[in-house]
Amino acid sequence: SLEVLERLLAANTNSAQAARDVSVCLENLADFLVSRGLPGDAETALGHYQRSLEVSERLLAANTNSAQAARDVSVSLEKLADFLATRGQAGDAKTALGHYQRSLEVSERLLAANTNSAQAARDVSVSLEKLADFLATRGQAGDAKTALGHYQRSLEVSERLLAANTNSAHAARDVSVSLYKLADLLATRGQAGDAETALGHYQRSLEVSERLLVANTNSAQA
């Protein structure tokens with residue numbers, strides 16, 4: 001599939017669709033190799049993630065006002081960061097952090113340019129959570145405080161999104177997950193007042209989930 005798409009792009013070098021198809025296919029192939037985990041797969045997957053990002057970057061540079069191109073860059077950065085954060089070789093954590101931060105910056109700009117876009121708002125929320133997850137796991141000086149701020153802001157974005165889309169199961173679940181992640185951090189941090197605040201978040205997360213299940217009784221996810 002990648003070979004076919006590569007030839008298509010070579011024959012249509014100015015086609016944004018052809019470029020995006022190559023980028024997405026590279027990511028899919030990399031995802032597969034990471035899951036398979038045979039010798040050499042990780043290194044090959046890394047190359048595919050990096051090339052996918054390069055294609056996305058060029059596409060965004062040529063289409064600076066394209067929300068799709070911006071989102072593709074943000075997703076590519078997150079996938080590459082996820083891979084590096086999991087691989088854990090020397091220098092990977094620092095590089096992953098840079099990719100998470102840049103992904104958030106791209107998402108923030110996209111939301112600023114599309115303030116009414118639910119997708120753009122959710123992308124910011126997810127980027128904030130991914131960055132917070134990374135920092136909470138890394139555990140260097142100041143990481144917990146920074147992660148807390150990101151979790152809190154992610155929750156704020158999710159809350160606004162749910163308020164604007166009260167019937168959205170996706171938005172409700174995002175709020176529940178945000179509350180749970182924030183509670184986990186506070187429960188682990190253990191500073192004065194954290195336990196009480198964490199308890200409140202856990203309880204509210206459960207309430208949101210309960211309402212979601214009542215409204216979607218046949219939903220396995222709920």
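Let's start with a single side chain: in this predicted model, the side chain of E78 makes a polar contact with the side chain of S127, at 2.6 Å. S103 joins in too, with its side chain in polar contact with that of E78 at 3.3 Å. So where does this glutamate sit? Look in helix α4, which covers residues 67–87.

Now for the charge bookkeeping. Which side chain of opposite charge is nearest to E78? That's K130, 4.8 Å away. A salt bridge needs a side-chain nitrogen of Lys or Arg within 4 Å of a carboxyl oxygen, and E78 has none, although the residue is buried. K130 still turns up among the residues that E78 touches, along with Y100, S103, V126 and S127; residues up to four places away in sequence are left out of that list.

Zoom out, and the protein around E78 has 9 helices and 0 strands, so the run of elements from the N terminus reads α-α-α-α-α-α-α-α-α. Its C-alpha atoms fill a box of roughly 60 × 40 × 35 Å along the principal axes. Of the contacts with a separation of 6 or more, 54% are between residues 24 or more positions apart.

E78 has company in being buried: 39% of the 222 residues count that way. As for the outside, the accessible surface is about 12,300 Å², and carbon and sulfur atoms make up 51% of it. Back to charges, this time for the whole protein: there are 22 positive and 27 negative ones, and their mean positions lie 2 Å apart.

Note on methods:
Residues numbered from 1 in each chain as written. Predicted model: local features only at pLDDT ≥ 70, side-chain atom pairs only at ≥ 80, totals over all residues. Heavy atoms only, no water. Helix = DSSP H or I, 4+ residues; strand = E, 2+ residues; numbered from the N terminus. Buried < 20%, exposed > 50% of the residue type's maximum accessible area, 1.4 Å probe, protein only. Lys, Arg positive; Asp, Glu negative; His and termini not counted. Polar contact = N/O pair within 3.5 Å; in protein donor to acceptor, adjacent residues only side chain to side chain. Contact = heavy atoms within 4.5 Å. Areas by Shrake-Rupley, 256 points an atom, 1.4 Å probe, with all protein chains shown as cover. Charge placed at Lys NZ, Arg CZ, Asp CG, Glu CD.
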